[in-house]
Amino acid sequence: MKNSFVLYYDLDEVFSFLTNEEAGQLIKAVFAFETRGEVTEFSDRMMQSTYKRIIDSLIRNKAKYDLIREERRKAAHKRWKKERKMS
């Protein structure tokens, strides 16, 4: 099970435009999405746009992670099967 996620440095500039209150709301919404699958709707268009940008990035990262994990699982299974035949 995955126990982390990545936020990229380019979001620093995005967060710098937000007030501390907005940044807190946004990061809490990101954690709610990542840990519980909860989707937050912001009434402010800028906040909603920023949130969507971050969530889209997290979804892409998860898809890459899942693909790599599956490839590694298959490779390990192939090695295990080969080693079993040799013994």
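Reader: Why is glutamate 38 called partly exposed?

Author: Its relative accessibility is 39%, and partly exposed means the range between buried (under 20% relative accessible area) and exposed (over 50%), with a 1.4 Å probe and protein chains only. Glutamate 38 therefore counts as partly exposed. A word on the basis: this is a predicted model, where local features need pLDDT of at least 70, side-chain atom pairs count only at pLDDT 80 or more, and totals for chains, interfaces and linings use all residues. Residues are numbered from 1 along each chain as its sequence is written, and side-chain values use heavy atoms, with hydrogens and water left out.

Reader: Good to know! What makes glutamate 38 and arginine 36 a salt bridge?

Author: The definition asks for a side-chain nitrogen of Lys or Arg within 4 Å of a carboxyl oxygen of Asp or Glu. For this pair the N to O distance is 2.9 Å, so the rule is met. Arginine 36, at 54% relative accessibility, counts as exposed.

Reader: And how do you know that aspartate 10 and arginine 53 meet in a salt bridge?

Author: Happily, the same test works: N to O is 3.4 Å, so the pair qualifies. Aspartate 10 lies in the segment before helix H1 (11–16) and arginine 53 in helix H3 (residues 45–86), so the pair ties together parts that are 43 residues apart in sequence. Helices here are DSSP runs of H or I with at least four residues, numbered from the N terminus.

Reader: How many salt bridges does the rule give?

Author: The count comes to five.

Key. Helices (H or I, at least four residues) and strands (E, at least two) are DSSP runs, numbered from the N terminus.
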